[in-house]
Amino acid sequence: MPFPGPDFMAWAKTLNHDIKYDLFSSGMHGLMTEAELGISADTIKVWGNNSYGYQPLKELLAEKYNVHPDQVMTSQGSSGANYLMAAAIFEKPGGTALVETPCYQPLLGAIQGAGATITRLLRSFHEKYAINLDLVKDAWTPNTRLLVLTRLHNPSGVDIPIDTLQKLNDFAAERNAWVLVDEVYLDYMDNPVPGASLGSRMITTSSVTKVYGLGDLRFGWVVGDRNLIQRALQINDYISVINPFISEYLGYRILTSEPVMEILHKRIHERVIGNQAIFTEWINSLPGIEWIPPDGGIIAFPKIGDGTAGDRLAQILLEKYRTALTPGRFFDNPSHVRMGFGADPVMLVEGLQRVKAAYSELIS
Ligand SMILES: Cc1ncc(COP(=O)(O)O)c(C=O)c1O
């Protein structure tokens, strides 16, 4: 299957910059100034050896995931990691990927573009977006090579329990298949247990984009089976060849700076807890909106009404309120919207007031 045409990412990249209230972002930003990061130009290394990943960084990540450094590949964001793993898994034609729905569309598109036939695993609103193991079994065919999930779930923010992940690992092991869990949102949780530490068929992809607000570094990674990683590295020899050294070097500097990580974690924690409370109080005050509270993080996927109500709400907000949230159609659910509440709390409160005003117009 070819890559799909322009979709969510094209929308997100060309969104009108006149927007004042950002309720569409799913990541943190502006948590630290560049000065606070403590990286002055004269201490930055521009050249170095990272032919197959900057070794100190691979060792650092290996320790975090409790695996061998050969099971770690650095990548250009979680996105780069997702694509390269899919390219390795679907190199031989004829394979199927079972991909959650609703799903972050670029993830779905990358797996499709890597050559997989796509089938879908419903994470339903009525089951609080949980993984239904019976549905996994029902959807599985002899051609299924990969199950694709996100954690926390984008768009709902719901986590997957450890015992479910373990069952999925065992299920995949019996079928010589893989479970790729994009865990780019996982560090919003306190003391999270990453998927790749739970079994040999699990693959975790992640990056510093969302939780740490450092997406401009384009620094990500994947942890998983050594042979798969090896093949993905060889495939990358034909794509980006080597990741920008400077990204990996800066990523390493940031992740190993105790003062920086301490401040970042403190600010992330405060922002998440404070904003979750603001958002929860706000949404519970609106009759007619149904939602599943997220297990952590700063996104939720409320149901606004019927039909295309979510799309219409997003449209009113863009046209009249200089406010953006993500229309649910990008997640196959046009009656929903994905709301991101990671903004500065003052801006968040003002943005939510605008959503309330637009919602009143929608239902009047
Ligand atoms: C599930 C998921 N994976 C990956 C990404 C992109 O991450 P990165 O910047 O690490 O490529 C996003 C961004 O929204 C996402 O939601």
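Leaving aside its neighbours within four places in sequence, which residues is I111 in contact with? In this predicted model, the contacts of I111 beyond those neighbours are with A86, A97, V99, A116, I118 and V148.

I111 also belongs to the largest nonpolar core, a set of 54 residues in which M85, A86 and I111 are those with the most contacts inside the core. Helix α4 supplies the largest share of this core, namely eight residues. In soluble globular proteins, nonpolar side chains tend to be buried together. A second core, separate from the one just described, has 43 residues, and V211, L264, A358 and Y359 are included in it.

The helix that carries I111 is α5, which spans residues 105-113 and whose buried residues are P106, L107, L108, G109, A110 and I111. These buried residues pack against two helices, α1 (8-13) and α4, as well as against the strands β3 (96-101), β4 (117-122), β5 (144-150) and β6 (178-182). After α5 comes G115, a residue with a positive phi, near 110°.

Helix α4, which comprises residues 77-89, also takes part in the surroundings of the ligand, where it gives the most to the shell, with three residues. The ligand is surrounded by 14 residues, of which G77, S78, S79, S207 and T209 are the closest. When the shell is sorted by class, ten of its residues are polar, three are nonpolar and one is charged. Helix α4 is thus described here in two settings, giving the most to the shell around the ligand and the largest share to the largest nonpolar core.

Terms used: Residues are numbered from 1 along each chain as its sequence is written. This is a predicted model: local features need pLDDT of at least 70, side-chain atom pairs count only at pLDDT 80 or more; totals for chains, interfaces and linings use all residues. A residue is near a molecule or strand if its C-beta atom, placed from the backbone, lies within 6 Å of it. Helices (H or I, at least four residues) and strands (E, at least two) are DSSP runs, numbered from the N terminus. Ala, Val, Leu, Ile, Met, Phe, Trp, Tyr, Cys and Pro count as nonpolar, Asp, Glu, Lys and Arg as charged, and the others, Gly among them, as polar. A nonpolar core is a set of buried Ala, Val, Leu, Ile, Met, Phe, Trp, Tyr and Cys residues joined through C-beta atoms within 7 Å. A residue is buried if 20 or more other C-beta atoms lie within 10 Å of its own, exposed if 12 or fewer, and partly exposed in between; C-beta atoms are placed from the backbone. Two residues are in contact if their C-beta atoms, placed from the backbone, lie within 7 Å.
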